Amino acid sequence: MKFYKIIAFNFIVFLSACHLQSADDHLKKVTLLTPTGLEISTEIALSDQQQIKGLSGRKPESFCQDCAMLFYYSKDSTKNFWMIDTYMNLDIFFLDQNLKILAVERNMPAHPGKEEPPSIARTLPIFSRHVLEMRSDSSSSKSLEVGMQLQWKNKGDEKSILLN
């Protein structure tokens, strides 16, 4: 009987862990607009756990070619991103609080796995508010340049992000 209790307890712990992980893995999705009206489907990494994970472990087939991930922060600071456990080359855009592109790191090389060598690519440290990542093979990413002003497609999106 004790054996069954142990199995039942382990099963409950397993289900709880799966539930917690899937709840945090669910990323809010919004649409960003470029000055030319191009729409970019964007996942928002808001929590510390989501921001630490970012696109690590995501295969290209699970992240559409013209999609983006926005790392949304509440304060300006120096940001330095690295490409640990990534499976696709990325373009990384550093944005101000109004989503204006301040700097771009193009074609940051993927680094499947967590061990070096080879060296894990890192961006230059850039003072910014937010960071946007897109696949380097994206035509949408190629159209983005320093100085461009992105905007929320739905004006209430930024407020709804902060409420969640």
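Reader: What makes Cys64 and Cys67 a disulfide?

Author: In this predicted model, the sulfur atoms of Cys64 and Cys67 sit 1.8 Å apart. The cut-off is 2.5 Å, so the pair counts as a disulfide. By that rule the count comes to 1 disulfide.

Reader: Why is the disulfide of Cys64 and Cys67 called right-handed?

Author: The torsion about the S-S bond is about 95 degrees, so the disulfide is right-handed.

Reader: Are Cys64 and Cys67 buried or partly exposed, and how do you know?

Author: One of each! Cys67 has a relative accessible area of 13%, and buried means under 20%, so Cys67 is buried. Cys64 comes to 39%, which lies between the 20% and 50% limits, so Cys64 is partly exposed.

Reader: On to charged pairs, then. Why is the contact of Arg129 with Asp76 called a salt bridge?

Author: The closest N and O atoms of Arg129 and Asp76 are 2.7 Å apart. The rule asks for a nitrogen within 4 Å of a carboxyl oxygen, so this pair qualifies. Arg129 is in the loop between strands E7 and E8, while Asp76 is in the loop between strands E3 and E4, 53 residues apart. Asp76 is partly exposed, with a relative accessible area of 33%.

Reader: What makes Arg106 and Asp91 a salt bridge?

Author: Their closest N and O atoms lie 3.1 Å apart, and the limit is 4 Å, so the pair is a salt bridge. This one links two strands: Arg106 is in E6 (residues 101-108) and Asp91 is in E5 (residues 90-95), 15 residues apart.

Reader: How do you know whether Asp91 and Arg106 are buried or partly exposed?

Author: Asp91 has 2% relative accessibility, and under 20% means buried, so Asp91 counts as buried. Arg106, with 37%, is partly exposed.

Reader: Why do Arg122 and Glu116 count as a salt bridge?

Author: The N to O distance for Arg122 and Glu116 is 4.0 Å. The rule says within 4 Å, so this pair is accepted too. Both partners are partly exposed, Arg122 at 43% and Glu116 at 42%. By this rule the count comes to 6 salt bridges.

Reader: Let's turn to the rings. How many aromatic pairs are there, and why is the pair of Tyr72 and Trp152 called tilted?

Author: The structure holds 3 aromatic pairs. For Tyr72 and Trp152 the planes are 50 degrees apart, with 6.4 Å centre to centre. Stacked needs under 30 degrees and edge-to-face over 60, so 50 degrees makes the pair tilted. Tyr72 is in the loop between E3 and E4 and Trp152 is in strand E9, 80 residues apart. Both residues are buried.

Reader: What makes Phe81 and Phe94 edge-to-face?

Author: Their planes are 90 degrees apart, and edge-to-face means over 60, so the name fits. The centres are 6.5 Å apart. Phe81 is in the loop between E4 and E5, and Phe94 is in strand E5. Phe81 counts as buried at 11% relative accessibility, and Phe94 is buried at 0%. Ring pairs also link Phe71, Phe81 and Phe94 into a cluster.

Reader: Which ring does Lys59 lie over, and what distance supports that?

Author: Lys59 lies over the face of Tyr87, at 4.0 Å from the ring centre. The distance limit is 6 Å, so 4.0 Å meets it. In another such contact, Lys79 lies over the face of Tyr73, at 4.5 Å from the ring centre.

Key:
Residues numbered from 1 in each chain as written. Predicted model: local features only at pLDDT ≥ 70, side-chain atom pairs only at ≥ 80, totals over all residues. Heavy atoms only, no water. Salt bridge = Lys/Arg side-chain N within 4 Å of Asp/Glu carboxyl O. Helix = DSSP H or I, 4+ residues; strand = E, 2+ residues; numbered from the N terminus. Buried < 20%, exposed > 50% of the residue type's maximum accessible area, 1.4 Å probe, protein only. Phe/Tyr/Trp six-rings, centres within 6.5 Å; stacked < 30°, edge-to-face > 60°. Lys NZ or Arg CZ within 6 Å of the ring centre and 35° of its normal.
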